[in-house]
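Here is a short set of exercises on reading a protein model from its atoms. Try each task on your own before you look at the steps below it.

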Amino acid sequence: MLKLTWRNTIRHPLRAGLTILGLAVAVLAFCLLRTMVAAWYAGVNAASPTRLITRNAISFINPLPMAYLPKIQAVPGVMNVAFSNWFGGVYIDERHFFPTFAVDVRRYFPMYPELVMPVDQKLAFEQDRRGVAVGRALAARYGWKVGDPVVLKGNIYPGQWEFIIRAIYKGAEATTDESRFYLHWDFLNETLKKNADSRADSVGWYIIRVARPEMAAPVAAQVDAQFKNSLAETLTETEKAFFLGFVSMTETILLAIQVVSWVVIGVILVVLANTMAMSARERLGEYAVLKTLGFKARHLAGLIFGESLLLALAGGLVGLALTFPAVYVFKRSLGQYFRVFPLTRATLTLGLAVALVVGLLAALFPSWRAARVSIAEALRKVG
């Protein structure tokens, strides 16, 4: 049976090759689109359940007073508090975008153990107000190394901002964003004070660390209750919920991508089903002969399902093999938009599973037809 199935599969090499190629392209497109969705959710999936984000209740862009820090720290259950500002800035021109944050260096990085940097570089970064820490992927993108100067043109905070790279961090996990640019909040705040800017002594958001995930909800409620009816009310939520708020802004796009990924699979299902139907129609006479030799309906179904699954498996494996270089090229080309582009084992498994399911579905009708056709009717069929 196996030998006969194999010979049937390769009987028309061109047809089989084109079918496998079509399946491979479909699986490649499916995996790429699913990886794109996973990249959108990378920050959500990497969020820590013990970190909370406190922001202005009106809008993310509204600042919070620095005076909130000791009050938040005093809330029972709070272990550590750090803060951050979105700095913005333009390097070369707007096309060279990367996320830039002004952070409280000594408080911020202990909250994010997944950001790993050499001890000597971290110490140099902490001691230099003009120093910055950049991700390994960002440094590789521009050929930066420790000690290099970097100049950003301010857009949120006007002026020419000159920095020196003091540390290059790497991610402890595959989903860690290695394309960020961190500078000292103290340096930003001192400059704002010199310029009599009203945004001095304010932060974009606070990061709170709690001991256990189950403490997140009561701590968030207590923090927000402290500042209720104040000039800057707060909204405290888990880090995951915070990131989901940004993802929800593009929910329609994500839904469209997921729909397209399944439409691609539907199209290739039709193509493979048509291929199997053509093959079964051409071999009705052969199936009649096999029936006269004692082959049962299940044997014929096995031949058809085996051929369809072989084509689907070959197409799936070729598609998965092509996915790896495609993801690499995609990441290199669009790395500024997708900080993390994770090709996961789950995506690869789903891609292969979908290919096999397509193979099974495509063989259903031809198998049913071959099993039900009578010997006399089948022998009358020509072509």
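The exercises below go from the whole chain to single contacts.

The model is predicted, so local features need pLDDT of at least 70 and side-chain atom pairs count only at pLDDT 80 or more, while totals for chains, interfaces and linings use all residues. Residues are numbered from 1 along each chain as its sequence is written, and side-chain values use heavy atoms, with hydrogens and water left out.

**Exercise 1. The whole chain**

Work out how many helices and strands there are in the chain, and what share of the residues is buried.

Step 1. Take helices (H or I, at least four residues) and strands (E, at least two) as DSSP runs, numbered from the N terminus. The chain then has 15 helices and 12 strands.

Step 2. Sort residues by relative accessible area: buried is under 20%, exposed is over 50%, and partly exposed lies in between, with a 1.4 Å probe and protein chains only. Of the 383 residues, 46% are buried.

Step 3. Add up the accessible surface by the Shrake-Rupley method with a 1.4 Å probe, where for residues only the protein chains shown count as cover. The total is about 19300 Å², and 64% of this belongs to carbon and sulfur atoms.

Step 4. Count contacts, meaning heavy atoms within 4.5 Å. Among those between residues at least 6 apart in sequence, 80% join residues at least 24 apart.

**Exercise 2. A covered strand**

Find which residues cover the two faces of strand β6, and which strands pair with β6.

Step 1. Start with burial: β6 spans residues 131-135, and 5 of its 5 residues are buried.

Step 2. Recall that side chains in a regular strand alternate between the two faces of the sheet. In β6, Gly131, Ala133 and Gly135 sit on one side, with Val132 and Val134 on the other.

Step 3. Look for partners, where pairing takes at least two DSSP bridges between two strands. β6 runs parallel to β8, joined by 5 bridges, and pairs with β9 in the antiparallel sense over 3 bridges.

Step 4. Place alanine 133 between its neighbours: opposite this residue are alanine 167 in β8 and tyrosine 182 in β9.

**Exercise 3. Aromatic rings**

Classify two ring pairs, Tyr108 with Tyr112 and Phe109 with Tyr182.

Step 1. Set the rule: rings of Phe, Tyr and Trp (its six-membered ring) pair if their centres lie within 6.5 Å; planes under 30 degrees apart are stacked, over 60 edge-to-face, and the rest tilted. The structure holds 28 aromatic pairs.

Step 2. For tyrosine 108 and tyrosine 112, the centres are 4.7 Å apart and the planes stand at 25°, so this pair is stacked. Both rings belong to buried residues, tyrosine 108 at 4% and tyrosine 112 at 10% relative accessibility.

Step 3. For phenylalanine 109 and tyrosine 182, the centres are 5.3 Å apart with planes at 75°, so the pair is edge-to-face. Because phenylalanine 109 lies in helix α5 (residues 105-111) and tyrosine 182 in strand β9, the pair ties together parts 73 residues apart in sequence. Tyrosine 182 is buried at 0% relative accessibility, and phenylalanine 109 is buried at 4%.

Step 4. Follow the ring pairs onward: they link a cluster that includes Trp86, Phe97, Phe101 and Trp205, along with the four residues above.

**Exercise 4. Salt bridges**

Where do the partners of the salt bridges Arg51 to Glu114 and Glu190 to Arg129 lie?

Step 1. Search for a side-chain nitrogen of Lys or Arg within 4 Å of a carboxyl oxygen of Asp or Glu. The count comes to 14 salt bridges.

Step 2. In the pair of arginine 51 and glutamate 114, the closest N and O atoms are 3.0 Å apart. Arginine 51 lies in strand β1 (residues 51-56) and glutamate 114 in the loop between α5 and β5 (115-116), so the bridge ties together parts 63 residues apart in sequence. Both residues are buried.

Step 3. Glutamate 190 and arginine 129 meet at 2.2 Å, N to O. Glutamate 190 lies in helix α8 and arginine 129 in the loop between α6 (119-127) and β6, so this pair ties together parts 61 residues apart in sequence. Glutamate 190 is partly exposed at 36% relative accessibility, and arginine 129 is partly exposed at 37%.

Step 4. Check for shared partners: Arg51, Glu114 and Glu239 join into one network.
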